[in-house]
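Dear colleague,

I am handing over the structure that we spoke about, and below it you will find my notes on what turned up when I went through it. Please read them with the model open beside you.

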Amino acid sequence: MTVRKALLSSAAVLGLLLSATAASAQQSSGPGDTQQIPTEVRSGLSAGLDDAGQAASGMVLEHSIGKAPGFVDPDIGFSPPRNAEEGQALQARSRGNPNFSVLGMANTDMAVSDGKLFVGNFNGFNAYDISTGGEPRLVMSVVCPGGQGDVSVHGNLLFMSVEEGRGRLDCSAATTTGDVVAERFRGVRIFDISDLNAPRQIAAVQTCRGSHTHTLVPSPTDADVLYVYGQGTSGVRKTDELAICTDGQPDANPETALFSIDVIKVNLSHPQDAAIVNRPRIFADGSGRVAGLWRGGRAGIASQNTAQTNQCHDITVYPEIGLAGGACSGNGILLDIADPEHPTRVSDIFDPDMAYWHSATFNNAGDKVVFTDEWGGGIGARCRAEDPATWGANMIATIENRTLTGRSFHKLPSAQGATENCVAHNGNLVPVPGRDLMVQAWYQGGISIMDFTDPTKPVEIAYFDRGPISAERLYVGGSWSAYWLNGRVYSSEIARGLDVLRLVPTDQLSAAEIAAAESIIAAEINPQLQTRVSWADSPDVAQSYIDQLTRAGSLEGDAVTRAAAVVAGWRSGSIDKRAAAALVAPLQAAAEKANGAGKARLTALADLLGRVSA
């Protein structure tokens, strides 16, 4: 990882902007340990769409399901132009074709509700029954072109992001081009999915920049109200098409649709009336200047082009702590969402080696957040051996007194090939007690699990990878999202379909830790909406702490033996309460001398044994 002495707040950005040698100044944030990206087994896997080579550690592929009928691109998918001639051919292909989309049938984000897995797609969405724990079974397909197609679910409502100009109000294919099209739709669709055999769109909330992604935010005071934060990343629509929209920089146009997000209010009793209720200026500085954060430009160790902060790509909300993490193109930000209709920024950070802040994931305690950098938009090969270790990486930040501080970078620790698009992308937590683990998609870099319990020393502990789609040229593919969902890792594979993976024990992840994670079952799981996990007292949870303490050398042999004996008896149904109680005091004493994760684990184990021995 690249551990740096000064990852910057936006208060420091002005000085960089005023420096005549801004790029070199931004590189002077202090020396660090540069992560080495080795060439290893994943680096030379054979290519193929359906028969690519595979490598795995700590997880196994249980099921691989092809894409649903009507969602298969006969041309494999998008291959970025390699020269001017190919670029001109692509332009010619799209010119005059309102239905053209380079990612027209790519799988996107996922959500779970009531034993169903919903998978978004640029062409609509699909639903799979995963309630049996066996191979997912396709139960619904909805063709509704418009991209990006990210989905979330709340009860019988499904929300879908639409950003491309080809989207139409009635989900039909586009039939006309033009700057102003009356039937065009860009925003958030709402479907009633109470009958999977007859899903129907009941609302379509138009927005100025469309919805690249969106976030569900429950009202803390009214169970009948749900908010949706809409994040649009494309150009602003013409005023003649949508009257609330105007374009331009705020110094010339204070009413510009840039530099804001959309807050949509949904009354669950009549969701058909959902509407925008606020477009907050969450990037303003203390003087009220709307464009108050990073202005974009070349920066960093490789002088890459960094994005201007006039949008958020993702906003992840954590209602239990009243905060949201925003990955907002040129900055990472922290929002107070106590009043979700009026979110306010409380902290922000900038780093010159983050080209495009893409997504945010909190740890369970809410005192860390992982920001991803989608360097180059995810369509380039950025995990090659010669690429900088900060390109397309994770940046781990800590939160103290509601203030963000950058701590380290972590990139996929495997050199990938020149025909594999690869940067950090979507993931979520694997709920192992005592550790901060995140499973994550890296496009054609595969799937990786990162341990960021120590925010200064993140490390990979498991992975699954395939070889490239093609050995001759790059086609955009790989894992769009990789999520831990009720005991399995599900991967939305852009070009290939849907993968289901199971974790297996290694010296870095024990059987008890996996079992403790598998015990956490939720009725609904949505991207960008985090809920706090709590574990019931069980032998697996106790053994997880013992395994972690043993792995770290934090428990002496006698204590390990005694604790293991208590857990073994508990597992067999006859816990020795006296022996459990006798361990509490020495564990508490050891915790007093420890720090960091060791202290937390010793305390948690002592508390658990105290409860079960009472």
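**A residue in the interior and two pockets**

In this predicted model, Asn421 has a relative accessible area of 0%, and because the cut-off for a buried residue is under 20%, Asn421 counts as buried. Asn421 sits in the loop that runs between β25 (403-410) and β26 (427-430). Its side chain makes a polar contact with the side chain of Gln444, at 2.8 Å, and a polar atom of the Asn421 side chain also lies 3.2 Å from the backbone nitrogen of Gly477. Leaving aside neighbours within four places in sequence, the residues in contact with Asn421 include Gly378, Ile379, Gly380 and Ala381, together with Trp442, Tyr443, Leu474 and Tyr475.

Turning to the pockets, the largest holds about 820 Å³ of space. It is lined by 46 residues, and those closest to its centre are Asn428, Ile525, Leu529, Gln530 and Thr531. β26 gives the most to this lining, with four residues, and by class the lining of the largest pocket consists of 24 nonpolar, 15 polar and seven charged residues.

The second largest pocket has a volume of about 700 Å³, and of the 37 residues lining it, Gln148, His212, Thr233, Glu374 and Gly377 are the closest to its centre. β8 (148-154) and β17 (304-306) each supply at least two residues of that lining, whose make-up by class is twelve nonpolar, 18 polar and seven charged residues.

With best regards

Notes: Residues numbered from 1 in each chain as written. Predicted model: local features only at pLDDT ≥ 70, side-chain atom pairs only at ≥ 80, totals over all residues. Heavy atoms only, no water. Buried < 20%, exposed > 50% of the residue type's maximum accessible area, 1.4 Å probe, protein only. Polar contact = N/O pair within 3.5 Å; in protein donor to acceptor, adjacent residues only side chain to side chain. Contact = heavy atoms within 4.5 Å. 1 Å grid on protein atoms, 1.4 Å probe; cavity = no way out; pocket = protein on both sides within 12 Å on 5 of 7 lines; lining within 4 Å. Points joined across faces, edges and corners; volume = space filled by probe spheres on them. Nonpolar A, V, L, I, M, F, W, Y, C, P; charged D, E, K, R; others polar.
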